[in-house]
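Have a look at the model below. A short tour of a few of its spots comes right after.

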Amino acid sequence: MSQPKDRPFDRAGAPGGFAPEAGDMSAEDFRRFGHEVVDWIADYFSHPERFPVLAQVEPGGLRSQLPQSPPERGEPMSEILEDFERLVVPAVTHWNHPSFFAYFATTASAPGVLGEMLAAAFDAKAMLWRTSPASTELEEVALDWLRQLMGLPEEFGGIIYDTASVATMHAVAAAREALNLRVREEGMSGRADLPLLRLYASEQSHSSVEKSLIALGLGQRSLCKVPADSEFRMDAEALKSLIEKDRAGGALPFCVVATVGTTSTTSIDPVPAIADVCERENLWLHVDAAYAGSAAVVPEMRHILAGCERADSLVTNPHKWLFTPFDLSALYSRRLEVLRRAFTLTPEYLRTPEQETVRNGSDYGVQLGRRFRALKLWMILRYFGHEGLAARIREHCRLARDFAAWVEAANGWELLAPVPFSVVCFRARPAVEGENDEERAARLDALNERLMSAVNATGEAFLSHTKLGGVFTLRLAVGNIRTDETHVRRAWELLNEKLTEVSGRR
Ligand code: PLP
């Protein structure tokens, strides 16, 4: 692939930008290199197609080109930037590329990048209100705006974490705290008085749910995987009987995690029915809307969060589908005080006179220092506005529906799941030979795997896969702010071209 350079970091003349004898880079140098970096980023955003989406490098390729020991004396910034471009960039997989269709496609939007730059300059550790009042208060404001945009109830307070995995772990910790088993004080090990605690999530739920149980010392044994129906949604009847069975066996059910927008297919669990079960059984209901929560910002899609107003907690990731640079995950809860009870711990050196009247972020989790993440979210919400955000998400869903329609209409291709949002699960299904069904299924799986690798090796588009009912499934996820119809069409063309190529091979 040709790689025309717009404004490369290599320049004629002597190297510049050495560290001064003492202190930081001079303001003059910072201004000069800052301008160069911003120019580079502006070009990067304008012409992402000059880079292969998936890094076309071998493991160890970058390491082998870098010195094994650090430099004894400072090196000029001009050379560092040149090496960044020459060595580092080729080993980058470009998540911010409009033809990134793997996993969940995401965006670091320009206003978000500006917000990150400013937050980096402040370098706030917002553990206490006084250590960065702006972080705390902007977090409250931005999260409340987002809550309104998603149509969640006013009682839902929010707190920002880095990722949904960490947000869910904190929600599960709060669910356990709500049992009043004195786990905070006494832990769980060596306690004969504790029954087996059980958490229920569908077999399609994200692995972060299971990891939460591992991290919290509850163990994988605490997870009950509830079967999903033919459209990959949790079976609420099965949930009921599994809870009954556990109770009869002496276990203590304490939490259900429902998912709105599962990772493989973006299916939506029946949250209203699950909320009924939770209310009857007195269980904490946590909703994982890490990906799809953003879709509720689109007025006509708000119904996807039906029933979530009854949840105890809900996580959504603006860093997935709300154009926010990684990382920023928002946890909402109507019971933030339970979460606080689980984690608050104030050593003398962190006591402040105002602590009874303000929110101190470190009370709500294991982390002490917290990044000023709210700044970028606040800037993004203001810059795009409700209409702008909704229009972009709506368009992503349209592009996915169009792609799904092409798959459905084409011979030798099939859809493998409904398309409620912006992800399409599909595969090539040409006629394959084989002794029996099993052999033919294995050949189709292998063919689709070769097809995905062939498309990804072009560097023009990047797709990932999952398995549905044991079947190798291709996923095309639309979610980057710069993705338009030409990118989606090109992905479809590439799939068709490469199918012809790989069909002949074994
Ligand atoms: N929940 C769901 C449904 C996801 O799809 C993902 C990631 O794709 C996560 C949670 C974890 O997200 P994070 O990377 O923010 O921890």
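What follows covers the ligand, a hairpin and some backbone details.

## Before you start

This is a predicted model, so local features need pLDDT of at least 70 and side-chain atom pairs count only at pLDDT 80 or more, while totals for chains, interfaces and linings use all residues. Residues are numbered from 1 along each chain as its sequence is written, and side-chain values use heavy atoms, with hydrogens and water left out.

## Around the ligand

Let's begin with the ligand, which has 13 residues around it (a residue is near if one of its heavy atoms lies within 4 Å). The closest are Ala164, Ser165, Thr263, Asp288 and Asn317. Three of these names come up again in polar contacts (pairs of N or O atoms within 3.5 Å). A polar side-chain atom of Asp288 is 2.6 Å from a ligand nitrogen. A ligand oxygen lies 2.8 Å from a polar backbone atom of Ala164, and a ligand oxygen is 2.8 Å from an N or O atom in the side chain of Thr263.

On its own the ligand has 400 Å² of accessible area, and the protein covers 87% of that (Shrake-Rupley method, 1.4 Å probe). Helix 5 (164-177) and helix 10 (318-321) are the elements giving two or more residues to the shell; helices here are DSSP runs of H or I with at least four residues, strands are E runs with at least two, and both are numbered from the N terminus.

## A hairpin

Next up are strand 10 (residues 464-468) and strand 11 (471-477), which pair in the antiparallel sense over five bridges (pairing takes at least two DSSP bridges). Thr466 has Thr473 of strand 11 as its bridge partner. Two residues sit between the strands, and Gly469 in the turn has a positive phi of about 55°.

Side chains alternate along strand 10: Ser464, Thr466 and Leu468 point to one face and are buried, while His465 and Lys467 point to the other and are not. Buried means under 20% relative accessible area, exposed over 50%, and partly exposed in between, using a 1.4 Å probe and protein chains only.

## Loops worth a look

Two residues that aren't glycines have a positive phi: Phe232, at about 70°, and Asn282, at about 60°. Phe232 is in the loop between strand 3 (223-226) and helix 8 (236-248) and counts as buried because its relative accessibility is 12%. Asn282 is in the loop between helix 9 and strand 5 (284-288) and is exposed, at 68%.

The peptide bond from Phe326 to Asp327 is cis, with omega near 10°.

Terms used. A polar contact is a pair of N or O atoms within 3.5 Å; within protein, one must be able to donate a hydrogen and the other to accept it, and residues adjacent in sequence count only if both atoms are side-chain atoms.
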